[in-house]
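User: Please take a close look at the stretch of this chain in which the metal site and the packed helices are found. I should like one connected account that defines its terms as it proceeds.

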Amino acid sequence: MTQSTEKEKTVYMGFSTDIIHSGHISIIQKATQLGKVIVGLLSDEAVASYKRYPLLPYTERKTLFENIRGVDRVVEQTELSYRKNLEMLKPDYVVHGDDWREGFQKPVRDEVIQVLGSYGGQLVEYPYTQDDKFADMEKRARAELSLPDVRRARLKKSIAMKGLVSAIEAHSGITGLIAEKTTVYQDGKALQFDAMWVSSLCDSTAKGKPDIELVDMTSRFRTIDDIMEVTTKPIIFDGDTGGLTEHFVYTVKTLERMGVSAVIIEDKTGLKKNSLFGTEVKQTQDSIENFCAKIAAGKKAQKTKDFMIVARIESLILEKGMEDALTRAKAFVGAGADGIMIHSRKKDPEEIFEFVHRFRENDKTTPIVVVPTSFNSVTEEEFKEKGVNIVIYANHLTRSAFPAMKKTAETILEKHRAQEADAFCMPIREILTLIPEDI
Ligand code: SPV
Ligand code: MG
């Protein structure tokens, strides 16, 4: 083939990086030998879904790539999967490092080969060399994400970016790591949780104590710190009733300083019991006036613009009716609440849907939070469509770990040895290497 025919060909390269280094430039230069280079730049959402929240937004990354010599144009790639863009652009080549032959990108690579094959395109891979300098840059980028200012701001940014975010409970370093790292690949997308929920129920349960605001704030902050030490994702803190207003203002300042993104406080007063008991136990709802004063005091104490105080409404839990819930929601937003959590312990999601629908008639923007422990048949897509912004899986790691641990303990007692219990246990080799030395 002559040089001039080569030049007419097109080369597609997918990029997710926000730290462009000589390794990228060099592979782009190589690719220009094959034809005109089209960069498929992953959207912020696609990058955040599998790697980490990008330090630079898409528009800025686009400008950087557009200005690299040899790049003909930049198009957005909204998923980890290349399929849509390849079918649209039908490039002659896709160029990539050979590092994606193994690991989580393998299915993406397999799909690229299949799509290219369908129209006669070709995959060209260059050897990938891990350079310590670049690995170090990535490490620093991750460290940056865990800094209080950066972490705190990310919840609001994620809501703005995705419309709906999901959070799972974490009550220790190890559950924080599960929330941080668990990834599932499905339909060309990488799926991860966006945030973590530091549940009062799970934090108390881990300490063998009831969920009645008995575990004090110093201990709760210690749990947050354990989680923060090994993770980067935003944290939503379950602040129970917020306690006395005079105390709540200090809680807000501490949480903000630590880099927590949001506190949710519930409109109850006196001895708090877990909401999922409903009316089976005595629980008292706070007056609208008192709770508004608490929210307003918290907002006044807040120092940054990113931190969120979310008001949680217990009217449906306490069977005070829909009108009461809606009246409270309006009043709490008026007092400065940055979001509303509506709770229910019904299996049927109807009352949650009605609340969301009626609240959204007059308020299109205030984020709505739900905790679908009981109404767990609803998918995130359905919640999003109704106007919900945060879905919290509030207790699922605790609830799944507990039966597994109990079964192991019982098996050892029954058999007078541990051999049979090994079937339920992670191999020793895996537990020894579960926590990377270098996090
Ligand atoms: C928690 O996780 O502690 C909560 C949610 O507050 S619930 O248990 O449903 O009340
Ligand atoms: Mg709680």
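Analyst: The account below begins with the whole chain and then turns to the metal site, the neighbouring loops and the helix pairs.

This is a predicted model, in which local features need pLDDT of at least 70 and side-chain atom pairs count only at pLDDT 80 or more, while totals for chains, interfaces and linings use all residues. Residues are numbered from 1 along each chain as its sequence is written, chains are lettered from A and ligands numbered from 1 in the order in which they are written, and side-chain values use heavy atoms, with hydrogens and water left out.

The chain has 439 residues, and 50% of them are buried (buried means under 20% relative accessible area, exposed over 50% and partly exposed in between, with a 1.4 Å probe and protein chains only). Its secondary structure comprises 18 helices and 17 strands; these are DSSP runs numbered from the N terminus, H or I of at least four residues for helices and E of at least two for strands. Along the principal axes, the C-alpha atoms fill a box of roughly 85 × 65 × 40 Å. Of the contacts with a separation of 6 or more, 74% join residues 24 or more positions apart, a contact being heavy atoms within 4.5 Å.

At the metal site, the magnesium ion (ligand 2) is coordinated by OG of S200 and OD of D238, at 2.1 to 2.2 Å. Donors here are N, O and S atoms within 2.8 Å of the metal (3.2 Å for Na, K and Ca), and the site may look incomplete because water is not among the atoms. S200 belongs to helix α10 (residues 200-206) and D238 to strand β10 (residues 235-238), so the pair ties together parts 38 residues apart in sequence. Both donor residues are buried: S200 has a relative accessibility of 3%, and D238 has one of 4%.

Two loops in this stretch contain a residue that is not a glycine but has a positive phi. D240, in the loop between β10 and α12, has a phi of about 50° and is buried, at 4% relative accessible area. E213, in the loop between α10 and α11, has a phi of about 60° and is partly exposed, at 29%.

The helix pairs come next. Two packed helices are described by the angle between their axes and the distance between the axes. The axes are lines fitted to C-alpha atoms, for helices over the stretch in contact, and angles run from 0 to 180 degrees between N-to-C directions.

Helix α9 (residues 173-181) and helix α11 (residues 217-230) have axes that come within 8 Å and cross at roughly 50°. The two are therefore oblique to each other; angles under 35 degrees count as roughly parallel, over 145 as roughly antiparallel, 65 to 115 as roughly perpendicular and the rest as oblique. Their crossing is right-handed, meaning that the near helix is turned clockwise from the far one by less than a right angle, whereas anticlockwise would be left-handed. G173, G176 and L177 of α9 meet D226, I227 and V230 of α11. By class, this contact has three nonpolar, two polar and one charged residues (Ala, Val, Leu, Ile, Met, Phe, Trp, Tyr, Cys and Pro count as nonpolar, Asp, Glu, Lys and Arg as charged, and the others, Gly among them, as polar). The buried residues of α9 are T175, G176, L177, A179 and E180, and they pack against β6 (165-169), β9 (195-198), α11 and α17.

Helix α12 (residues 245-258) and α13 have axes that come within 9 Å and cross at roughly 40°, and the pair is therefore oblique. This crossing is right-handed. T245, F248, V249, V252, K253 and E256 of α12 are in contact with A293, K294, A297, G298 and A301 of α13. The contact divides into six nonpolar, two polar and three charged residues.

Helix α13 (residues 288-301) also packs against helix α14 (residues 322-334), with axes that come within 9 Å and cross at roughly 30°. These two helices are therefore roughly parallel, and their crossing is right-handed. On α13 the contact uses I288, F291, C292 and I295, and on α14 it uses T327, R328, A331 and F332. Six of these residues are nonpolar, one is polar and one is charged.
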